Amino acid sequence: MEQEKAMSGEGEAAEVAIAATATAGEGGDAPPQPPKSKEPAAPQTSEATKDEVPPERPPLRCLVLTGFGGYDKVKLQSRPAAPPAPGPGQLTVRVRACGLNFADLMIRQGVYDRLPSVPFTPGMEGAGVVIAVGEGVSDRKVGDRVMVLVSSGMWQEEVTVPAVQTFPMPEAMSFEEAAALPVNYITAYMVLFDCGNLRPGHSVLVHMAAGGVGLAAIQLCKTVENVTVFGTASASKHDVLKEKGVSHPIDYHTSNYVDEVKKISPKGVDIVLDPLGGADTYKAYNLLKPMGKVVTYGVANLLTGPKRNLMAMAKTWWNQFSVSALQLLQANRGICGFHLNYLENEVELVSRVVLQLMTLYSEGHIKPHIDSVWPFEKVADAMKQIQEKKNVGKVILVPNSEKKN
Ligand SMILES: NC(=O)c1ccc[n+]([C@@H]2O[C@H](COP(=O)([O-])OP(=O)(O)OC[C@H]3O[C@@H](n4cnc5c(N)ncnc54)[C@H](OP(=O)(O)O)[C@@H]3O)[C@@H](O)[C@H]2O)c1
């Protein structure tokens with residue numbers, strides 16, 4: 001039905017109009033945007049002069065979430081290409097690569113905690129080239145290669161974003177790497193160092209170890225002396241995990257990971273990274289050594305297939321971990337929560353982390369592991385790659401169709 005509508009002229013016009021509003025971060029609960037001046041600042045384009053009539057630009061492609069549900073809810077659409085006109089404090093970026101995150105699957109199913117109203121363009125991160133600069137932006141210029149972190153809106157060919165939510169890319173970094181870095185590495189860095197207080201000699205249990213955040217966390221653990229990493233993942237990914245520095249890969253499909261950890265380390269571990277939620281948070285807490293910490297940062301257990309599963313939601317909610325302050329005191333354990341999306345106004349805090357990450361990248365300590373690169377047309381296959389647990393590392397979307405998987 002929706003497909004039929006998309007094929008009709010009326011449907012197309014409506015969809016173009018919808019897509020035209022898809023500026024990054026302008027979802028239902030988008031971060032505050034710098035006010036747009038009534039007359040937008042003259043865009044700083046490379047060679048345009050006053051007398052030139054700008055050449056007609058082809059329409060811009062964008063992915064749009066048209067409703068909550070299965071893979072077919074994300075549609076490739078197009079919008080007219082108006083000349084870029086970033087407002088004060090903004091930049092317009094020609095997007096070259098975007099990150100696909102686990103959260104994007106949850107958003108599509110309507111089980112994420114921060115949902116803009118449909119239709120909107122998803123995408124929290126990406127990388128590209130600055131093509132126009134708004135008034136008051138002095139530290140970015142046309143031609144700069146930047147990575148971008150926003151709450152939504154990146155999955156399109158051109159995007160206008162606050163300049164403070166962009167970060168210059170190191171010369172050696174590819175667009176795919178830059179699109180893979182912000183969400184996974186900021187999360188891994190903050191959960192390990194800010195929440196977990198990772199120190200030399202610690203032991204860490206990393207779940208979803210072969211995913212984007214998991215591999216980032218493993219690389220970051222290796223920057224600290226003598227850290228022992230336990231990692232859960234499907235058995236086919238264990239060789240890669242060992243190569244990356246996991247001492248004890250565990251196949252959670254065929255064994256009880258709590259028993260496996262205890263066989264090797266009877267006292268448990270110092271830090272558990274918990275992206276699973278529900279009953280797994282209890283297990284994480286009970287695996288802690290004295291002074292150990294659980295960092296909870298996801299509820300992957302909600303996703304059991306391509307569509308929302310009410311039973312899984314009820315089960316996860318029913319098994320929600322809770323502990324009293326007195327119990328924590330007596331156990332000498334800590335619990336910490338992390339959600340990058342809710343740090344959207346903490347520009348300085350996040351920028352500090354990005355700076356640290358850029359140093360680690362330049363020194364060769366971290367490097368995003370790209371699983372696969374998919375053109376916008378194949379967004380459903382890209383999502384399946386994660387949903388069906390096939391990915392090792394980051395899944396990337398690119399606006400152009402030349403890159404095939
Ligand atoms: N709080 C935050 O700010 C924040 C930011 C980023 C990510 N996260 C969370 O961190 C977790 C990892 O994210 P990511 O982007 O790194 O993941 P990802 O790369 O998409 O990882 C996917 C892998 O996770 C494993 N997995 C475990 N449970 C799964 C399930 N129910 N459905 C599908 N795959 C499952 C599968 O591998 P194996 O079978 O091999 O384990 C799958 O290949 C997610 O819970 C995400 O929501 C939180």
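## A walk through the model, starting at Met208

Let's begin with Met208, which sits in the loop linking β8 to α6 (212–221). Keep in mind as you look around that this is a predicted model. Met208 has a phi near 50°, a positive value in a residue that is not glycine. Why is that worth pausing on? Most residues other than glycine have a negative phi, and most peptide bonds are trans. As for its surroundings, Met208 has a relative accessible area of 33%, so it counts as partly exposed, since that label covers values between 20% and 50%.

From this loop, step back into the sheet. Six strands form an open sheet in the order β10-β9-β8-β11-β12-β13, and their pairing is parallel. At the edges you will find β10 (248–250) and β13 (334–337), each of which pairs on one side only. From one strand to the next, the twist averages 15°. For a closer view of one pairing, look at β9 (residues 228–232), which runs parallel to β10 and is joined to it by 3 bridges. Within this pair, Phe230 has His248 in β10 as its bridge partner.

Helices pack on this sheet too. Helix α5 (residues 182–195) touches β8 (203–206), β11 (269–274), β12 (288–296) and β13, and its direction makes about 145° with that of β12. Helix α8 (residues 257–264) touches β8, β9, β10 and β11, and its direction makes about 160° with that of β10.

Now follow strand β12 to Met291, which lies in it. Met291 is not a glycine, yet its phi is positive, at about 70°. Is Met291 buried or exposed? Its relative accessibility is 57%, so Met291 counts as exposed.

Past edge strand β13, the loop leading to α12 (347–362) holds Asn345. This residue is also exposed, because its relative accessibility is 52%. Which distance separates Asn345 from Gln165 in space? The two are 180 residues apart in sequence, while their C-alpha atoms are 9.9 Å apart.

Next, visit helix α13 (residues 379–387), where Val379, Ala382, Met383, Gln385, Ile386 and Gln387 are buried. Their cover includes the strands β1 (60–65), β2 (74–79), β3 (90–100), β14 (370–375) and β15 (394–398), along with helix α3 (102–109). Just after α13 comes Lys389, with a positive phi of about 60°.

Our last stop is the loop between α3 and β4 (125–133), where Pro119 is found. The peptide bond from Val118 to Pro119 is cis, with omega near -5°.

Note on methods: Residues are numbered from 1 along each chain as its sequence is written. This is a predicted model: local features need pLDDT of at least 70, side-chain atom pairs count only at pLDDT 80 or more; totals for chains, interfaces and linings use all residues. Side-chain values use heavy atoms; hydrogens and water are left out. Buried means under 20% relative accessible area, exposed over 50%, partly exposed in between (1.4 Å probe, protein chains only). Helices (H or I, at least four residues) and strands (E, at least two) are DSSP runs, numbered from the N terminus. Contact means heavy atoms within 4.5 Å. Two strands pair if DSSP finds at least two bridges between them. Axes are lines fitted to C-alpha atoms, for helices over the stretch in contact, and angles run from 0 to 180 degrees between N-to-C directions.
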